[in-house]
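User: Could you take a close look at one part of this model for me? I'd like a connected walk-through rather than a list.

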Amino acid sequence: MATTRICLLFVVLSTTLAEDVKLKYKAPTKPVRLFTEEELKRYDGSQEGQPIYMAVKGVVFDVTKGKEFYGKDAPYNVLVGKDSTRAVAKMSLDPADLTSDTTGLTEEQLKSLDSVFEGTYKSKYPIVGYTASRILNEDGSPNKDFRPEDQPHFQIKDEF
């Protein structure tokens, strides 16, 4: 009788623990990829059914779930299909600011950029890749300072 109770207790505990593990398990994400400027332009929200991608600080986010903001004819559509780091830092939709260049930004603008990058993009949208400019030098050679493991949301298991 005691053996039966112990076995029953073991089964109940095993089932309960298994449910906890299932709830905490996160399905693997798609591997990230490298985007050239030309490739990123394809994901500008102009084609129905196509994902909408936007880069900030060289990190490419899938902003499709924010289609009402970033889709065709939406208020922030001008930011998608490119690296809009400067525009995000300056909170600007000016075509001159639609670039990854952060030269000349104020300390306040750089803090704003980091805040929006962490609080909005990294927290709301999945990372699908990186821009070539983040990983490669201007001459096309690899950027030796780029370390994938230091990048946001990087998990080495997703790369293989």
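User: Zooming in on Asp101: does this residue count as buried, partly exposed or exposed? Please start there and work outwards.

Analyst: Quick caveat up front: this is a predicted model. Asp101 counts as partly exposed, because its relative accessibility is 36% and that class runs between the 20% and 50% cut-offs. You'll find Asp101 in the loop between helix 4 and helix 5. Its C-alpha sits 6.1 Å from that of Arg86, even though the two residues are 15 apart along the chain.

Arg86 also turns up in the surroundings of another aspartate, Asp97. Asp97 belongs to the loop between helix 4 and helix 5 as well, but it counts as buried, since its relative accessibility is 7% and the limit for buried is under 20%. Leaving out neighbours within four places in sequence, Asp97 is in contact with Arg86, Ala87, Lys90 and Ser92. With Lys90 there is a side-chain to side-chain polar contact of 3.3 Å.

Next, the nonpolar interior. As a general matter, nonpolar side chains in soluble globular proteins tend to be buried together. The largest nonpolar core here has 23 residues, and Met54, Val56, Phe61, Val63, Tyr70, Val88 and Tyr121 are the ones touching the most other members. Strand 2 (53-56), strand 3 (59-62), helix 4, helix 5 (107-124) and strand 4 (127-131) each give two or more residues to this core. Helix 5 gives the most, namely four.

Phe61 makes a handy probe of that packing: not counting residues up to four places away in sequence, its contacts include Met54, Val56, Phe117, Tyr121, Ile127 and Val128. Apart from the largest core there's another one, of seven residues, with Leu40, Tyr43, Ala55 and Val60 among them.

Some nonpolar side chains are on the outside, though. Phe69, Tyr76 and Leu93 form a surface patch with about 270 Å² of accessible area together. Tyr76 comes from the loop between helix 3 (67-70) and helix 4 (85-90), and is partly exposed at 38% relative accessible area.

To put all this in the context of the whole chain: there are six helices and four strands, running α-β-α-β-β-α-α-α-β-α along the sequence. Of the 160 residues, 32% count as buried. The accessible surface comes to about 10,800 Å², with 57% of it belonging to carbon and sulfur atoms. And among contacts between residues at least 6 apart in sequence, 56% join residues at least 24 apart.

How values were computed:
Residues are numbered from 1 along each chain as its sequence is written. This is a predicted model: local features need pLDDT of at least 70, side-chain atom pairs count only at pLDDT 80 or more; totals for chains, interfaces and linings use all residues. Side-chain values use heavy atoms; hydrogens and water are left out. Patches are made of residues with over 30% relative accessible area and no salt bridge: like charges are joined within 9 Å, nonpolar side chains (Val, Leu, Ile, Met, Phe, Trp, Tyr) within 5 Å. Accessible areas come from the Shrake-Rupley method with a 1.4 Å probe; for residues, only the protein chains shown count as cover. A salt bridge is a side-chain nitrogen of Lys or Arg within 4 Å of a carboxyl oxygen of Asp or Glu. Buried means under 20% relative accessible area, exposed over 50%, partly exposed in between (1.4 Å probe, protein chains only). A nonpolar core is a set of buried Ala, Val, Leu, Ile, Met, Phe, Trp, Tyr and Cys residues joined through side-chain atoms within 4.5 Å. Contact means heavy atoms within 4.5 Å. A polar contact is a pair of N or O atoms within 3.5 Å; within protein, one must be able to donate a hydrogen and the other to accept it, and residues adjacent in sequence count only if both atoms are side-chain atoms.
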